[in-house]
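Biologist: Got a minute to go through this one with me? I'd like to understand what I'm looking at before I head back to the bench.

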Amino acid sequence: MKAFFLALLKSRAGLFGFLLVSVFVLAAALAPYLGLPVPTRSNLLARMVAPTWTGLFSPGAHPFGTDELGRDILSRIVHGSRITLAIAAAAVILGGIVGTLLGIVAGYYRGMVDRVLMRIVDIQLALPLMLLALLVVAALGPSTRNLVIVLALTSWLRYARIIRGQVLALREREFILSAHAIGAGTWRIMLKHLLPNVMTPALVIATLELARIIIMDAALSFLGLGVQPPNPSWGRMLADGRVYISTAWWIVTFPGIAILLTVLSVNLLGDWLRDHFDPKLRTMR
Amino acid sequence: MAPLLEVRNLTVAFDTPAGTVHAVNDVSYSLEEGETLGIVGESGSGKSVHALSMVGLIATPPGRIVSGEVLFNGRDLLALSQRELFEVRGKEIGFVFQDPMTSLNPVLTIERQIAEPLRRHFGMSASQARTRVVELLELVGIPDAARRARQYPHEFSGGMRQRVMIAIGISCNPKLLIADEATTALDVTVQAQILDLVRDLKKKIGTTVIWITHDMGVVAGLADTVQVMYGGRIMERGPVRAVFHDPRNAYTWGLLKSLPHGGRRGVTRLYQIPGNPPDLTKEPIGDPFAPRNPFATERCRIETPPLGEVEGSVAGHKAAAWYDLRAELAATQVQP
């Protein structure tokens, strides 16, 4: 653990990503205790108030302004991050586990298993993602759990495709033969020998997927299939504020920046993690 | 005493789009406990495939064990289920493979890889396994073992990695260690060190060894018995000294003649066996070496010679030939 942080201190990009992710996670975790206005309370007397930085700590100050219903944007971003980050993280983890395991299974067994799995991937890739998501949400009904399922469903195939290709190459390597030769069974080979070898690509896909999923979540919320109002979510805030962009720029700008920074910090941290856990790069440092 | 390993009429084929490849044809031999057997042959002679097929390490399909028995300690390995074979592999039969650069998993520490068979077969805890790993690393001559155990394969040189592979191979004290081209990928000085190590280990732990190689020199320095394979068949077999000094099969003779002799007879061109390796997709009829053999007779092309005791040599020296190589050589006055 100590070595982990020491290594982190040496990488500026990694440290920046780590600190930013920590800030977001802490803000999300501590949102109710930060003394922010209630995110869902509207105040029609204070509609679309521009950001004001004077008297920052006085009640009624709106550092990021208010939206068309007079709700405080800072508070909505912080509270929205709880839902957005939780959904995105859950979807990335779910999609990543399912996709990676299916990719390993397809690449290791090849033959019929591989063909069936990869045709499912092909069929799903041929369907527009948004249509699929709409269908599933329409069938299951909008809820946080279903949203996670839908997002994971759009995500698993990216892992499966790439991991399968890696495993196809890895299974022919001699160390897999030597694993067989020491008496390792199929599951041991898949989980103990192949899985650690595909963690690096899986982690890279995960960081890219997290960014894509946050935006997809925003798109689904925009279409009214994501988080239901009046609960705040970044995607919904973008969707609602879009109409007022010429008169009240802050309504869309701040949630947009929040999405941007989250995606950026996760990518930076992910890049660093990938390098850190690659044994070849570790000793060169 | 019954031999440790007895291979009877082992025949292995691969079904490929180009036809059936007859990789191993009717191979029979036995191996006593404590013996070191060197199996020599060129690529495609069936030497590796026969060893891998004994413990179910060839992919089926395309591979197919057509017939035969492999009696190991009195049990027929070919009749065992996959689950039973898992118990044999690594525990009773250890393997060392050719390329130490690719035979180790690049993302796992050395310790985890050596500990794996120990934990798998003996159910050792992580700390028990760690003690044994350090012991094993010291046994195969890796200095600073406790620290090195925590490193990754890329931090080891080729020779050191092959030592690690050997440590994995002998970790469970197997009765039989099969080394498949274990020194081929190493340079000559490192190769010599590894061979020294294996000789040393044999003295210490007394494992029976099958050493598969294409290098006659390696066999000469290591093995008790040598077995020459060609086209999936055993061409000649016997005590190293007898086979090297008195070869009775033209292929063995060709192999020995194509070894460099350190300039003993001045600058001479090395002998080259004429022709190309056999097409294994053809039905294996006759002596597989016949098309390349200057001494071949008509009979060699149509009838497969049996592997029989040779006359006028030591016991256990067997060769498969219809012709009398000794007489032919005397007639042409060519010496090996």
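Modeller: Sure, here's a walk through chain A, the pockets and cavities, and a few spots in chain B. Keep in mind that this is a predicted model.

Biologist: Okay, chain A to start. How many helices and strands does chain A have?

Modeller: Chain A has 12 helices and 0 strands. Reading along the sequence, you get α-α-α-α-α-α-α-α-α-α-α-α.

Biologist: What does the C-alpha trace of chain A span along its principal axes?

Modeller: About 75 × 50 × 30 Å. Chain A has 285 residues, and 47% of them count as buried.

Biologist: And what about the accessible surface of chain A?

Modeller: That comes to about 13,900 Å², with 71% of it belonging to carbon and sulfur atoms. On the contact side, take the pairs in chain A that are at least 6 apart in sequence: 73% of those contacts join residues at least 24 apart.

Biologist: Switching to holes. What's the volume of the largest pocket?

Modeller: The largest pocket has about 1,100 Å³. It is lined by 32 residues, and the closest to its centre are B:Gly56, B:Leu57, B:Ile58, B:Ala59 and B:Thr60.

Biologist: Which elements give two or more residues to that lining?

Modeller: From chain A there are helix H3 (73–109) and helix H8 (174–181), and from chain B helix H1 (47–54) and helix H2 (82–88). H8(A) gives the most, with 4 residues.

Biologist: How does that lining divide into nonpolar, polar and charged?

Modeller: For the largest pocket it's 19 nonpolar, 7 polar and 6 charged.

Biologist: And the second largest pocket, how much space lies in there?

Modeller: About 630 Å³. The second largest pocket has 26 lining residues, with A:Ala89, A:Val92, A:Ile93, A:Leu203 and A:Ala206 nearest its centre.

Biologist: Which helices supply at least two residues there?

Modeller: In chain A, helix H2 (12–30), H3, helix H9 (186–222) and helix H11 (250–277) each do. H3(A) gives the most to that lining, with 9 residues. By class, the lining of the second largest pocket has 20 nonpolar, 6 polar and no charged residues.

Biologist: How many cavities turn up in the whole structure?

Modeller: A search finds 4 of 30 Å³ or more. The largest cavity holds about 120 Å³ of space. There are 14 residues lining it, and A:Ser178, A:Ala179, B:Ser103, B:Gln113 and B:Ile168 lie nearest its centre.

Biologist: Which elements give two or more residues to the largest cavity?

Modeller: H8 of chain A, plus helix H3 (110–122) and H6 of chain B. H8(A) gives the most here, with 4 residues. The lining of the largest cavity comes out as 8 nonpolar, 5 polar and 1 charged.

Biologist: You mentioned B:Gln113. Is B:Gln113 buried or exposed?

Modeller: B:Gln113 has a relative accessibility of 7%, so it counts as buried; the cut-off for buried is under 20%. This residue is in helix H3 of chain B. Setting aside neighbours within four places in sequence, B:Gln113 is in contact with B:Leu104, B:Asn105, B:Leu108, B:Pro153 and B:Ile168.

Biologist: Now B:Lys175. Where is B:Lys175 found?

Modeller: B:Lys175 sits in the loop between helix H6 (158–170) and strand S7 (176–180) of chain B. Its relative accessibility is 34%, so B:Lys175 counts as partly exposed.

Biologist: What does B:Lys175 touch?

Modeller: Not counting residues up to four places away in sequence, B:Lys175 touches B:Leu4, B:Phe72, B:Asn73, B:Glu92, B:Thr207 and B:Thr208. B:Lys175 and B:Val209 are 34 residues apart in sequence, with 8.6 Å between their C-alpha atoms.

Biologist: Last one: why is helix H10 of chain B largely enclosed?

Modeller: Because 7 of its 8 residues (250–257) are buried, helix H10 of chain B is largely enclosed by the rest of the structure. The buried ones are B:Ala250, B:Tyr251, B:Thr252, B:Trp253, B:Gly254, B:Leu255 and B:Leu256.

Biologist: What covers the buried residues of H10(B)?

Modeller: The cover includes strand S3 (36–40), helix H8 (216–222), strand S9 (225–230), strand S10 (233–239), helix H9 (240–245) and helix H12 (325–332), which belong to chain B. At the start of H10(B), a side-chain oxygen of B:Asn249 comes to within 2.7 Å of the backbone nitrogen of B:Tyr251.

Notes
Residues are numbered from 1 along each chain as its sequence is written. Chains are lettered from A and ligands numbered from 1 in the order in which they are written. This is a predicted model: local features need pLDDT of at least 70, side-chain atom pairs count only at pLDDT 80 or more; totals for chains, interfaces and linings use all residues. Side-chain values use heavy atoms; hydrogens and water are left out. Buried means under 20% relative accessible area, exposed over 50%, partly exposed in between (1.4 Å probe, protein chains only). Contact means heavy atoms within 4.5 Å. A polar contact is a pair of N or O atoms within 3.5 Å; within protein, one must be able to donate a hydrogen and the other to accept it, and residues adjacent in sequence count only if both atoms are side-chain atoms. On a 1 Å grid over the protein atoms alone, a cavity is a set of points where a 1.4 Å probe fits but cannot get out, and a pocket is an open set with protein on both sides within 12 Å along at least five of seven lines; lining residues have an atom within 4 Å of a point. Grid points are joined across faces, edges and corners, and a volume is the space filled by probe spheres set on the points. Ala, Val, Leu, Ile, Met, Phe, Trp, Tyr, Cys and Pro count as nonpolar, Asp, Glu, Lys and Arg as charged, and the others, Gly among them, as polar. Accessible areas come from the Shrake-Rupley method with a 1.4 Å probe; for residues, only the protein chains shown count as cover.
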